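Reader: Please take one part of this model and look at it closely, with the strands beside it and the open space around it. I would like a careful account that I can follow residue by residue.

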Amino acid sequence: MAEIYVSDSVLETEKVGEALAEKLSAERAGKLHFIMLKGGLGAGKTAFCRGFARVLSPGSRVKSPSFTIVNEYRGGEVPVFHFDLYRLEEDCDLSDIGFDEYTENGHCIIEWSEYLNEEIPEGALAVTIEKCDENRRKVIVEGL
């Protein structure tokens with residue numbers, strides 16, 4: 001069953017990310033989180049990640065990893081690995097960048113997860129962010 005949130009600003013989208021991180025920390029304490037983000041350009045995926053990382057990696061400066069593929073945030077007990085797969089070629093093998101090691105050693109949040117060709121870990125969550133208008137977003141969380 002999906003949970004649906006409505007956001008009317010970038011700050012509210014960040015707060016949805018915070019709320020999910022807090023919920024996962026409480027319900028899945030001690031487990032690694034794997035979040036697959038979907039949404040068009042400008043939907044708010046990075047804003048969601050900022051809120052998520054604010055809880056799990058306090059003090060981290062979150063920005064889109066579009067040109068680096070992955071950013072690492074190490075402000076918490078367990079690192080948060082923030083991926084952006086938008087610029088990868090379809091047949092790119094993520095094992096070349098050690099993707100499996102990331103998933104085994106930290107929380108992973110993946111923008112443009114529809115380009116993910118790797119095996120998806122058990123317990124993964126799908127978060128879809130739909131742009132309703134200039135400011136309003138619908139955030140759909142599946143897999144809880």
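Author: Two strands are said to pair if DSSP finds at least two bridges between them. By that rule, in this predicted model, strand 2 and strand 6, the latter covering residues 125-131, pair in the parallel sense over four bridges. One contact can be followed by eye, for Met-36 has Ala-126 as its bridge partner in strand 6. Strand 2 also pairs with strand 5, residues 107-111, again in the parallel sense, and here over three bridges; within strand 5, Cys-108 is the bridge partner of Phe-34. Strand 2 itself runs over residues 34-38, and because four of its five residues are buried, it is largely enclosed by the rest of the structure.

Helix 2 can be described in a similar way. Spanning residues 45-56, this helix has 12 residues and reaches 17 Å from its first C-alpha to its last, which is close to the 16 Å expected at 1.5 Å a residue. It is mostly covered, with nine of the 12 residues buried, and the buried ones include Lys-45, Thr-46, Phe-48, Phe-52 and Leu-56.

Helix 2 also leads to the largest pocket, whose volume is about 290 Å³. There are 22 residues in the lining of this pocket, and those closest to its centre are Gly-42, Ala-43, Gly-44, Lys-45 and Thr-46. Two elements, helix 1 (10-27) and helix 2, give two or more residues to that lining, and the largest share, four residues, comes from helix 2. Lys-45 and Thr-46 are thus among the residues closest to the centre of the largest pocket, while both also count as buried in helix 2. By residue class, the lining divides into six nonpolar, nine polar and seven charged residues.

The second largest pocket holds about 190 Å³ of space. Its lining includes Ser-25, the run from Arg-28 through Ala-29, Gly-30, Lys-31 and Leu-32 to His-33, and also Leu-56, Gly-76, Glu-77, Val-78 and His-107. Leu-56, which lines this pocket, is one of the buried residues of helix 2, and His-107, another lining residue, belongs to strand 5, a pairing partner of strand 2. Here the lining divides into four nonpolar, five polar and three charged residues.

Conventions: Residues are numbered from 1 along each chain as its sequence is written. This is a predicted model: local features need pLDDT of at least 70, side-chain atom pairs count only at pLDDT 80 or more; totals for chains, interfaces and linings use all residues. Side-chain values use heavy atoms; hydrogens and water are left out. On a 1 Å grid over the protein atoms alone, a cavity is a set of points where a 1.4 Å probe fits but cannot get out, and a pocket is an open set with protein on both sides within 12 Å along at least five of seven lines; lining residues have an atom within 4 Å of a point. Grid points are joined across faces, edges and corners, and a volume is the space filled by probe spheres set on the points. Ala, Val, Leu, Ile, Met, Phe, Trp, Tyr, Cys and Pro count as nonpolar, Asp, Glu, Lys and Arg as charged, and the others, Gly among them, as polar. The expected span of a helix is 1.5 Å times one less than its number of residues. Buried means under 20% relative accessible area, exposed over 50%, partly exposed in between (1.4 Å probe, protein chains only).
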